[in-house]
Amino acid sequence: MSSEPTSSASEQSPTSPGSPRSLRLPENRRTRDRSPSPMRGYLIPSPLPTRRTRTFSATVRASEGPVYKGVCKCFCRSKGHGFITPADGGPDIFVHISDIEGEYVLVAGDEVTYKMCSIPPKNEKLQAVDVVITHLAPGTKHETWSGHVISS
């Protein structure tokens, strides 16, 4: 018997690499770590329904509809959306920053009037459009779109 180790069947020939680890990169090349992407893992991005992406027919239907009253439940300027609690009860209504008319940013407790529009693609949920602040919440600081803070 010879003292050389015998090659086993699990080892592969040099012409067909067995795994990516067996491939050798040049010495000056490093492996690159990928930065985490916020869109990674999502098959179809779901943009928020905005005034810009709404169809003309949906805008016309909303403008011809009745005017509702409600109170702002919450609104996040950095996220660009919030929710309105209808005065007549029912589920909260989504509101996007692009649908707010006037010079003030919504604050929880503000009384508003709005019209309703369905949210595509299934048109099952509703969104507030043409939102107008009718009464500022007392004792809160309100901010204008330009950044000025006003106490009410």
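Is Lys 73 buried, partly exposed or exposed? With a relative accessible area of 48%, Lys 73 is partly exposed, where buried means under 20% relative accessible area, exposed over 50%, and partly exposed in between (1.4 Å probe, protein chains only).

The structure is a predicted model, in which local features need pLDDT of at least 70 and side-chain atom pairs count only at pLDDT 80 or more, while totals for chains, interfaces and linings use all residues. Residues are numbered from 1 along each chain as its sequence is written, and side-chain values use heavy atoms, with hydrogens and water left out.

**Exercise 1. Describe the overall composition of the protein.**

Solution.
- Step 1: The protein contains 1 helix and 8 strands; helices (H or I, at least four residues) and strands (E, at least two) are DSSP runs, numbered from the N terminus.
- Step 2: Read from the N terminus on, the order of the elements is α-β-β-β-β-β-β-β-β.
- Step 3: Of the 152 residues in the protein, 23% are buried.
- Step 4: Contact means heavy atoms within 4.5 Å. Among contacts between residues at least 6 apart in sequence, 53% join residues at least 24 apart.
- Step 5: The accessible surface is about 11,900 Å², and 55% of this surface belongs to carbon and sulfur atoms. Such areas come from the Shrake-Rupley method with a 1.4 Å probe; for residues, only the protein chains shown count as cover.

**Exercise 2. Determine which strands pair with β1, and give a bridge partner in each case.**

Solution.
- Step 1: Two strands pair if DSSP finds at least two bridges between them.
- Step 2: β1 and β2 are antiparallel partners over 6 bridges; Cys 72 has Ile 84 in β2 as its bridge partner.
- Step 3: β1 and β5 also pair in the antiparallel sense, over 4 bridges; here Gly 70 has Val 112 in β5 as its bridge partner.
- Step 4: The hairpin of β1 and β2 has 4 residues between the strands, and Gly 80 in this hairpin takes a positive phi near 90 degrees.

**Exercise 3. Locate the salt bridges and state which parts of the chain they tie together.**

Solution.
- Step 1: A salt bridge is a side-chain nitrogen of Lys or Arg within 4 Å of a carboxyl oxygen of Asp or Glu. By this rule there are 2 salt bridges.
- Step 2: Asp 92 and Lys 73 form a salt bridge, with their closest N and O atoms 2.7 Å apart. Asp 92 lies in the loop between β2 (81-86) and β3, and Lys 73 in strand β1, so the pair ties together parts that are 19 residues apart in sequence. Asp 92 is partly exposed, at 30% relative accessible area.
- Step 3: Glu 143 and Arg 77 meet through their side chains in a salt bridge of 2.9 Å, N to O. Because Glu 143 lies in strand β7 (residues 141-143) and Arg 77 in the loop between β1 and β2, this pair ties together parts that are 66 residues apart in sequence.
- Step 4: Glu 143 is partly exposed, with a relative accessible area of 30%, and Arg 77 is partly exposed at 32%.

**Exercise 4. Identify the central members of the largest nonpolar core.**

Solution.
- Step 1: A nonpolar core is a set of buried Ala, Val, Leu, Ile, Met, Phe, Trp, Tyr and Cys residues joined through side-chain atoms within 4.5 Å.
- Step 2: The largest nonpolar core has 13 residues, of which Val 95, Leu 106 and Val 131 touch the most other members.
- Step 3: Two or more residues each come from β1 (68-76), β3 (93-96), β5 (111-119) and β6 (125-135). The most, 3 residues, come from β6.
- Step 4: Not counting residues up to four places away in sequence, Val 131 touches several residues, among them Ile 84, Val 95, Ile 100, Leu 106 and Val 112.

**Exercise 5. Characterise Thr 113, His 96 and Asp 130.**

Solution.
- Step 1: Thr 113 lies in strand β5 and is buried, with a relative accessible area of 17%. Leaving aside neighbours within four places in sequence, the contacts of Thr 113 include Tyr 68, Asp 130 and Val 131.
- Step 2: His 96 belongs to strand β3 and is buried at 9% relative accessible area.
- Step 3: The side chains of His 96 and Ser 98 are joined by a polar contact of 2.9 Å. A polar contact is a pair of N or O atoms within 3.5 Å; within protein, one must be able to donate a hydrogen and the other to accept it, and residues adjacent in sequence count only if both atoms are side-chain atoms.
- Step 4: Asp 130 is found in strand β6 and is partly exposed, at 32% relative accessible area. Most residues other than glycine have a negative phi. Asp 130, however, has a positive phi near 50 degrees.
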